[in-house]
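Here is a walk through the fold, piece by piece. Keep the structure open while you read.

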Amino acid sequence: MKTGIFYHKRTGEPVQIIARAQTKPTFQEVICYQELTKPYEHFVMEKRQFFSEYVKEFAELPLQEQKQLPKREDLPDKQPRISKGEVASEPEEETEEQAEEQEPEVQDPKVQSLIAFFDADTYREKKKLFEDMKGSLDEHMLNNIAVSLDLSIEDSTRGYSLILSELEIRSRYEDDRRKRN
């Protein structure tokens with residue numbers, strides 16, 4: 001029995017053949033098939049009619065009401081680089097040394113303190129930086145810090161104390177591991 005997915009020539013709806021059979025007493029060959037879209041109904045159709053209405057490959061379906069869209073000449077091939085709402089021109093090629101020397105400029109002290117927190121190597125450093133940020137923390141910063149520690153905070157009033165206690169626990173664990181090694 002040859003099974004597989006077939007596609008309706010007009011609708012493109014997929015079906016699968018369940019069985020090939022014969023009717024009695026005329027022994028007419030029929031195909032038992034199931035639709036592969038909801039409600040997944042089963043049908044029986046005469047073999048010749050089935051193969052006249054369904055094709056094996058999706059690529060064989062006739063293209064109906066589809067036309068090739070012409071390429072617009074007024075659109076560039078590449079997306080423009082956008083910086084602060086202005087379209088920037090194509091930058092000159094940089095050497096690898098120049099790219100390494102350039103660091104992104106961050107003027108916002110909140111962002112700088114957040115980056116310093118993320119870059120800290122130990123939990124003790126993270127805890128110290130977190131305590132220093134206490135006055136400038138907002139809900140967005142607390143959520144970002146919590147995510148970096150794999151924590152979930154639901155209440156921003158508890159968020160600071162939850163993160164602080166987690167950093168305290170992790171810094172103690174970190175200290176204990178150093179003493180053992």
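## The overall picture

Of the 181 residues in the protein, 24% are buried. Bear in mind that this is a predicted model. Among contacts with a separation of 6 or more, 39% are between residues 24 or more positions apart.

The protein has six helices and seven strands. Going along the sequence, you meet them in the pattern β-β-β-β-α-β-β-β-α-α-α-α-α.

## The five-stranded sheet

Five of the strands make an open sheet with antiparallel pairing, in the order E4-E3-E2-E1-E5. The edges are E4 and strand E5 (54-55), each of which pairs on one side only. As a reminder, sheet strands pair through backbone hydrogen bonds, and they can do so in a parallel or an antiparallel way.

Start at the E5 edge. E1 and E5 run antiparallel and are joined by two bridges, and His 8 has Tyr 54 in E5 as its bridge partner. On to the next pair: strand E1 (residues 5-8) is antiparallel to strand E2 (residues 14-22), with three bridges between them. Two partnerships help you find the register here: Ile 5 is matched with Gln 16 in E2, and Tyr 7 with Pro 14 in E2.

Now step across to the other side of E2. Seven bridges tie E2 to strand E3 (residues 29-35), again in the antiparallel sense. Gln 16, the partner of Ile 5, also has a bridge partner in E3, namely Gln 34. Finally, E3 and E4 are linked by five bridges and run antiparallel; look for Tyr 33 standing opposite Phe 43 in E4.

## A buried spot in E2

Is Ile 17 buried or exposed? This residue of strand E2 has a relative accessible area of 4%, and because anything under 20% counts as buried, Ile 17 is buried. If you want a feel for how the chain folds back here, check His 42: it sits 25 residues from Ile 17 along the chain, and the two C-alpha atoms are 9.6 Å apart.

In a regular strand, side chains alternate between the two faces of the sheet. That is a handy thing to keep in mind while you scroll along E2, the strand that holds Ile 17.

## Backbone oddities in the loops

Most residues other than glycine have a negative phi, and most peptide bonds are trans. So where should you look for departures from that general pattern? Try the loop between E2 and E3, which holds both Pro 25 and Phe 27.

The peptide bond from Lys 24 to Pro 25 is cis, with omega near 0 degrees. Phe 27 isn't a glycine, yet its phi is positive, near 55 degrees. E2 and E3 form a hairpin with six residues between them, and Phe 27 is in that turn.

Further along, Tyr 40 is another non-glycine residue with a positive phi, about 55 degrees. Tyr 40 belongs to the loop between E3 and strand E4 (42-46). How accessible is Tyr 40? Its relative accessibility is 41%, so Tyr 40 counts as partly exposed.

## Two helices side by side

Two packed helices are described by the angle and the distance between their axes. For helix H3 (residues 109-119) and helix H4 (residues 123-132), the axes come within 8 Å and cross at roughly 165 degrees. Because an angle over 145 degrees counts as roughly antiparallel, H3 is roughly antiparallel to H4. The crossing of these two helices is left-handed.

Which residues make the contact? On the H3 side they are Ala 116, Phe 117 and Phe 118, and on the H4 side Lys 126, Leu 129 and Phe 130. By class, the contact of H3 with H4 has five nonpolar residues, one charged residue and no polar ones. The charged one is Lys 126.

Methods
Residues are numbered from 1 along each chain as its sequence is written. This is a predicted model: local features need pLDDT of at least 70, side-chain atom pairs count only at pLDDT 80 or more; totals for chains, interfaces and linings use all residues. Side-chain values use heavy atoms; hydrogens and water are left out. Two strands pair if DSSP finds at least two bridges between them. Helices (H or I, at least four residues) and strands (E, at least two) are DSSP runs, numbered from the N terminus. Axes are lines fitted to C-alpha atoms, for helices over the stretch in contact, and angles run from 0 to 180 degrees between N-to-C directions. Angles under 35 degrees count as roughly parallel, over 145 as roughly antiparallel, 65 to 115 as roughly perpendicular and the rest as oblique. A crossing is left-handed if the near helix is turned anticlockwise from the far one by less than a right angle, and right-handed if clockwise. Contact means heavy atoms within 4.5 Å. Buried means under 20% relative accessible area, exposed over 50%, partly exposed in between (1.4 Å probe, protein chains only).
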